[in-house]
Amino acid sequence: MSTAKESTKRVTVTELARMKSEGEKISMLTAYDYTMATIIDRAGTDILLVGDSAANVMAGWDTTIPITVDHMIYHAASVKRAAKRAMVVVDMPFGSYQGNSIEAINSAVKIMKETSADALKLEGGVEIMESIERILSAGIPVMGHLGLTPQSINKFGGYSIRAKEDKEADRLISDALALEKAGVFAIVLEKIPATLAQKATNNLSIPTIGIGAGNKTDGQVLVIQDMLGMNQSFSPKFLRRYHNLHEEISGAVKNYINDVKSSDFPNEKEQY
Ligand code: KIV
């Protein structure tokens, strides 16, 4: 059984490949700020994903579409300053790579230079292959993302499970194989049937990291605010809540308000 690592040897693409070949599961969590990233890194998470889900959980947007390259850079640089062991992967935001491969490489280089991140993540398969190849040819490691790709939410018309039908499932497998052939080091599989995620995982030599894709993928990822129970309104079937931080924080804030109102805070020991 694998457990959280305490050593500070940095997680690299080679280490992730070793983990897949030895059947050691990969843990990935999102992070968007220095303080939280420090806690998650020291706890032993293998990968810190600076997800464009920052648009939802940090900025309150309904979709990930509004977040910009500069917003992502702010979050990613904060996370990278915290990471001692975990690999830091940054989402390329909507509009920064889909246009053409020149736009993609320019965005990728800007993110890498201004954050010192370890790798980038792009949503999509063969339709963005030229951009992926260009970024890879600059020596930047790329993580793929297939299945439910939130940047295409307006095309899908909602966040329901993807690739239930054979045609879309076959397309997902051929996209995954094409990404592997291009040199991508891992692929996120989001909200697809567990059997399809297992098939993709068995057919690939690179690791798969699932979210809502069953437990046969090589690793798992969750959004940190969701798994800590900070957001009460988001309860998809795949989410396991490890804490009820919403209640804990709310309780602490209420205690603080009461202490201020009753002049209990600060007391004599808490003043100069
Ligand atoms: O942005 C994000 O948080 C993600 C994960 C859900 C995989 O892409």
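1. Overall dimensions. A compact globule of 272 residues would have a radius of gyration near 19 Å, and the chain has 20 Å, which agrees. The model under discussion is predicted. Taken along the principal axes, the box filled by the C-alpha atoms is roughly 65 × 40 × 40 Å.

2. Secondary structure and contacts. The chain comprises 11 helices and 8 strands. Of the contacts with a separation of 6 or more, 58% are made between residues 24 or more positions apart.

3. Burial and surface. Among the 272 residues of the chain, 48% count as buried. The exposed area is about 14,000 Å², and 53% of this is supplied by carbon and sulfur atoms.

4. Charge. The chain carries 30 positive and 33 negative side chains. The centres of these two sets lie 3 Å apart. The structure holds 13 salt bridges, several of which are taken up in the points that follow.

5. The Arg18 pairs. Arg18 forms a salt bridge with Glu15, with a distance of 2.9 Å between the closest N and O atoms. Both residues belong to helix α1, which spans residues 13-21. Their separation is 3 residues, about one turn of the helix. A salt bridge also joins Arg18 to Glu24, where the closest N and O atoms are 3.0 Å apart.

6. Exposure of these partners. Is Arg18 buried or partly exposed? Its relative accessible area is 26%, so Arg18 counts as partly exposed. Glu15, in turn, counts as buried because its relative accessibility is 18%, the cut-off for burial being under 20%. Glu24 is likewise buried, with a relative accessible area of 15%.

7. The Lys20 to Asp218 pair. Lys20 forms a salt bridge with Asp218, and the closest N and O atoms are 2.9 Å apart. This pair links distant parts of the chain, with the two positions 198 residues apart in sequence. Lys20 lies in helix α1, whereas Asp218 lies in the loop between β7 (208-211) and β8 (219-222). Both Lys20 and Asp218 are buried.

8. A shared network. Which residues are joined by salt bridges that share partners? Glu15, Arg18, Glu22 and Glu24 form one such network.

9. Thr8. This residue is found in the segment before α1. Thr8 counts as exposed because its relative accessibility is 57%, the cut-off being over 50%. Apart from its neighbours within four places in sequence, Thr8 is in contact with Lys84 and Arg85. For Thr8 and Lys84, the C-alpha to C-alpha distance is 6.2 Å, although the two are 76 residues apart in sequence.

10. Lys80. Helix α4 (residues 69-82) contains Lys80. With a relative accessibility of 16%, Lys80 counts as buried. Its contacts, leaving aside neighbours within four places in sequence, are with Arg10, Val88, Thr115, Ser116, Ala117 and Asp118.

11. Ile47. This residue is located in strand β2 (residues 47-50). How accessible is Ile47? Its relative accessible area is 0%, so Ile47 is buried. Leaving aside neighbours within four places in sequence, the contacts of Ile47 include Leu16, Ile26, Ser27, Met28 and Leu29. Also among them are Ala86, Met87, Val89, Met143 and Ile209. Ile47 and Arg85 are 38 residues apart in sequence, and their C-alpha atoms are 8.7 Å apart in space.

12. Asp52. The loop between β2 and α3 (54-57) holds Asp52. This residue deserves separate mention: Asp52 is buried yet has no salt bridge. Which side chain of opposite charge is nearest to Asp52? It is Lys121, at 5.4 Å, whereas a salt bridge requires a nitrogen of Lys or Arg within 4 Å of a carboxyl oxygen. Not counting residues up to four places away in sequence, Asp52 touches Thr64, Ile67, Met72, Asp91, Glu123 and Gln151.

How values were computed:
Residues are numbered from 1 along each chain as its sequence is written. This is a predicted model: local features need pLDDT of at least 70, side-chain atom pairs count only at pLDDT 80 or more; totals for chains, interfaces and linings use all residues. Side-chain values use heavy atoms; hydrogens and water are left out. Helices (H or I, at least four residues) and strands (E, at least two) are DSSP runs, numbered from the N terminus. The radius of gyration is taken over C-alpha atoms; the globule rule is 2.2 Å times the number of residues to the power 0.38. Buried means under 20% relative accessible area, exposed over 50%, partly exposed in between (1.4 Å probe, protein chains only). Contact means heavy atoms within 4.5 Å. Accessible areas come from the Shrake-Rupley method with a 1.4 Å probe; for residues, only the protein chains shown count as cover. Lys and Arg count as positive and Asp and Glu as negative; His and the chain ends are not counted. The place of a charge is taken as NZ of Lys, CZ of Arg, CG of Asp or CD of Glu.
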